[in-house]
Amino acid sequence: MTTDWDALLDSKQNVVAVKQFAYGNMSGRDLYARFSNTGLGGEVRSLLRNHGVTYSKRLARKALSRRGVTEV
């Protein structure tokens, strides 16, 4: 299963959360808490469980860079 980055990065608030996670200002647990009880909670949970926190951060940085979003 692949992560739907377009859905995760669909709003400015979500982009800020993913940026903070990708660049080390937020833990995996904090990211999951930020998205829990939303439609994207399962997507974040799957990302973290399937890839682990370290690789998920790398994937988040890659997704952000491919969308032209720079570091915080």
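This report walks through the helices, the core and a few single residues of the structure above.

The model is predicted, so to speak of local features we need pLDDT of at least 70, side-chain atom pairs count only at pLDDT 80 or more, and totals for chains, interfaces and linings use all residues. Residues are numbered from 1 along each chain as its sequence is written, and side-chain values use heavy atoms, with hydrogens and water left out.

**Helix α2 and its partners**

Let's start with α2, which covers residues 12–22. Helices here are DSSP runs of H or I with at least four residues, numbered from the N terminus. The buried residues of α2 are N14, V15, A17, V18, K19, F21 and A22. Buried means under 20% relative accessible area, exposed means over 50%, and partly exposed is in between, using a 1.4 Å probe and protein chains only. Those buried residues pack against α1 (5–8), α3 (28–35) and α4. Just after α2, G24 takes a positive phi of about 85 degrees.

How do α2 and α3 sit relative to each other, at what angle and how far apart are their axes? They pack at about 170 degrees, with axes 9 Å apart. Axes are lines fitted to C-alpha atoms, for helices over the stretch in contact, and angles run from 0 to 180 degrees between N-to-C directions. The pair is therefore roughly antiparallel, the word for angles over 145 degrees. On the α2 side, N14, A17, V18, Q20 and F21 meet G28, L31, R34 and F35 of α3; contact means heavy atoms within 4.5 Å. By class, this contact has 5 nonpolar, 3 polar and 1 charged residues. Nonpolar takes in Ala, Val, Leu, Ile, Met, Phe, Trp, Tyr, Cys and Pro, charged takes in Asp, Glu, Lys and Arg, and the others, Gly among them, are polar.

**The core**

The largest nonpolar core has 19 residues, and W5, L9, V18, L31 and F35 have the most contacts inside it. Such a core is a set of buried Ala, Val, Leu, Ile, Met, Phe, Trp, Tyr and Cys residues joined through side-chain atoms within 4.5 Å. Two or more residues come from each of α1, α2, α3 and α4, and α4 gives the most, with 7 residues. Setting aside residues up to four places away in sequence, F35 touches L8, N14, A17, V18, L40, G41 and V44.

**Single residues**

Here are four residues, by place and accessibility.

| Residue | Place | Relative accessible area |
|---|---|---|
| S11 | loop between α1 and α2 | 29%, partly exposed |
| N37 | loop between α3 and α4 | 82%, exposed |
| V53 | helix α4 | 38%, partly exposed |
| S56 | helix α4 | 0%, buried |

What does S56 contact, beyond its neighbours within four places in sequence? The list is F21, L47, L48 and H51. A polar atom of the S56 side chain also lies 3.2 Å from the backbone oxygen of L47.

V53, in α4 (residues 41–66), is in contact with F21, G28 and L48, again leaving aside neighbours within four places. V53 and S27 are 26 residues apart in sequence, yet their C-alpha atoms are 8.0 Å apart. For S11 and L64, 53 residues apart along the chain, the C-alpha separation is 13 Å.

Finally, N37 has a positive phi of about 65 degrees although it is not a glycine. Most residues other than glycine have a negative phi.

Notes: Angles under 35 degrees count as roughly parallel, over 145 as roughly antiparallel, 65 to 115 as roughly perpendicular and the rest as oblique. A polar contact is a pair of N or O atoms within 3.5 Å; within protein, one must be able to donate a hydrogen and the other to accept it, and residues adjacent in sequence count only if both atoms are side-chain atoms.
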